[in-house]
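Colleague: I have some questions about the terms you use for this structure. Could you show it to me and take me through them?

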Amino acid sequence: MSVPSQQGETPIDSPNRLNMPSNANVNQILQTYFQKKGFNQAELAFIQQQNISSEHNVLSLEQLTKKFSAETESISTETLPDYIKLLKEDPQTGGGDLDAPFLEYRSLREWIHNALDLYKNDLSALLYPSFVHTFLHMMSKQLVDHAVDFFQEYKDDHIENHSKDLDQLQQIKAASDIQNNTIAKLYLNNKYSIRMPSIPFELFFQYIQDHKFINLIRIVNQYLNIHIVTGKLSPVSANGSAAVDEGIAGHANNQLDEFHQAATVTLESQVNRETRNRSEQSQRGSHIRNNATGRFRCSAIVRVYTQLTSKGRLYADLLVYISRSTDIQAELDTLSDLRKQVSQGSAALPSVCIYTFHNTHDMLNCLTISDDTTLVAGGFSESFIKVWSLQGKKLLSKSEKEQGQPGTTCKKLIGHAGPVYGVSFSHDNQYLISCSEDQTVRLWSLDTYTNLVCYKSHNYPIWDVNFGPHGFYFATASHDKTARLWSCDHVNPLRIFAGHLSDVNTVRFHPNSKYVVTGSSDNTARLWDVQRGTCVRVFTGHTGSVHAVAVSPNGRLMASGGEDHSIILWDLGSGKKLKSMTGHTGFIYTVCFNSESTVLVSGGADGTVRAWDVKMGTPYEHNHDSPDPKRNKPNGKQQNDKKEMEKAKSTTDMSKRKKGSIESNDHLSAFHTKHTPVYTVQFTQRNLCLAAGALSSPPLDL
């Protein structure tokens, strides 16, 4: 007879007890259950150490939790990396090396600047908050000298968008000043929000973890609020400000307007003023009383001197003196063109003459037309340049003239060791400047058709080159993220304009020669002060690389276009966007203003030349000020033409809406080619628009 079991126990020989799982099966069941609940291997090791075979080894849930937490904490701590242990022990220090924060930020900055263009703009948003908190961290740890050096070395990277905040942060001279500084308290007490796609975020976090950047990990955990977004980020707003949910809520995180207000620019156009004076002289019938003769010489006389600054760097001050031309015939031709200049606007569209180059076999990279429209030059991938006459005349070199030879229809200039990407004529047609993939710039004489000077300074291919309005200076744009200013009598650059985050694709001079405008693959354009070599305007608004820029002859406006198929008109005085012009269906290669700054023409990969009304939709729309009010006053015939054009335009707009066109309202007209991408457009002094491009093979319909 069996002994009765205790209450709640199952007899050993009971059928129910015989059907229960074994100890090993119970262990396996528990292990599977905990794995499903997300426990790791260290936690499972603790479970396996329990003596499940003991029938009296019963623990309550609270006891199991306490014992489990103590065991797993010791196991997990042993498996953590050393730099994470140090961060957990003292999250405020971030390492004992005094130079560690400095070096970590420097490495991060270099890594972002060398990143792919696809992710560079997104990653750059991390630099400013990292800069601020690195500076405040070093100040709080009494590393005053290190903090001051760090601030002075890298503040220029952020002064364009955060000038106001940096001015207040610069007032911090000791750790005690942090609590009394409004901006410092704002950044320490609030998280800085950043919107970023998942891929650049993963690259960034993997980078700081692999390099054990403790201070940057601390900054990300404590002071940054990174929102991971899917797809492309929305473009910036019209005035160039960042997205509204970036930065600290309630604080002006983008202070580009303050930077533009602090950097004043002189926009008076020397060329426009001289043209107006000449026009007035021509209307009064005045004669040029100048008996001097000789060849047309360079109108800019430059004296360059250097001085040693406190930092030991050499800077060159450029003193430009503008002198009158001594070529009487050139002056008379200019006055004749001004008399015959056609007034253009919404009621008078420009006439366009396009030059198509055949049999180039996709080897023609660039084209430029001389100011007097007598010559055209093209750069080829086969490392040479060709110069043609637009007047149908044979080109003669000096030696051919002396020998009485007939000349040739074109001249080939050989000297580069790589594809030629940019060419530009001097204003007097005496010289041609070219740039190439071989990292050099070459000056050519159009008298002898030979190479005169080779300029070397860039470390990467040079994408564009442009002669200044007076011919003595020229500027280059390169893959090394810089633009550089040169003079013809110096083999080394006079200025290096550094600030773009990617390739500088194009460069153009302001009409007064005091500024240079650049366009870049970082989706921005910039205005640079030639004297100081600093950036005075930043134009943000494009969603693709900027490949074309142009400054209006009156010096007030700038137009930019590129890969986003749109043209943006900017006010150089305020640095603000005036409007966006859409209509192109391909990349935009070139833009140009007419002589009165009222019409803009553009050309691109879609094989069209398009004309735009500059004033429509801008504050200048109802401003009727002009150098010659009599000329711009419409007569009866012009008013009738304008009414007919408006009627025709309204009919065209209706058809465009039916076809789903995206042309903006200020689009005046489109001039289509068959299969010719337009490389360059240019207005003559009589306001005739010249365009040029290379015939491309039509796409095959498969």
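Modeller: Gladly! Let's begin with a definition: two strands pair if DSSP finds at least two bridges between them. Please keep in mind that this is a predicted model.

Colleague: What makes β10 and β11 a pair?

Modeller: Five bridges join β10 to strand β11 (residues 431-436), and at least two are required, so the two strands count as paired. They run antiparallel, with Gly422 opposite Cys435 in β11. The two strands form a hairpin with five residues between them. In that turn, Asn429 has a positive phi of about 65°.

Colleague: Why is β10 called mostly covered?

Modeller: A residue is buried when its relative accessible area is under 20%. Five of the six residues in strand β10 (residues 420-425) are buried, so "mostly covered" fits.

Colleague: Which stretches does UniProt label "repeat: WD"?

Modeller: The unreviewed UniProt entry places that feature at several stretches, including residues 413-448 and 455-487. In the model, residues 413-448 are 0% helix and 56% strand, with the end C-alpha atoms 10 Å apart. For residues 455-487, the values are 0% helix and 61% strand, and the end C-alpha atoms are 10 Å apart.

Colleague: Which are the edge strands in the open sheet β22-β23-β24-β25?

Modeller: This sheet has four strands in that order, with antiparallel pairing. The edge strands are β22 (546-551) and β25 (577-582), as each pairs on one side only. From one strand to the next, the twist averages 20°.

Colleague: And how do you know that β23 and β24 are paired?

Modeller: The same rule of at least two bridges applies. Strand β23 (residues 557-562) is joined to strand β24 (residues 566-571) by five bridges, so the pair qualifies. Ala559 stands opposite Leu569 in β24.

Colleague: What makes a group of residues a nonpolar core?

Modeller: The members are buried residues of nonpolar types such as Leu and Phe, joined through side-chain atoms within 4.5 Å. The largest such core here has 42 residues, and Phe135 and Leu169 touch the most other members. Helix α8 (residues 127-140) gives the largest share, eight residues.

Colleague: What does Phe135 touch beyond its neighbours within four places in sequence?

Modeller: Phe135 is in contact with Ala147, Phe150, Phe151, Leu169 and Ile172. There is also a second, separate core of 16 residues, with Phe497, Val507, Phe509 and Trp528 among them.

Notes
Residues numbered from 1 in each chain as written. Predicted model: local features only at pLDDT ≥ 70, side-chain atom pairs only at ≥ 80, totals over all residues. Heavy atoms only, no water. Axes fitted to C-alpha atoms, helices over the stretch in contact; angles between N-to-C directions. Buried < 20%, exposed > 50% of the residue type's maximum accessible area, 1.4 Å probe, protein only. Contact = heavy atoms within 4.5 Å. UniProt positions renumbered as here; feature names shortened; annotations may be inferred.
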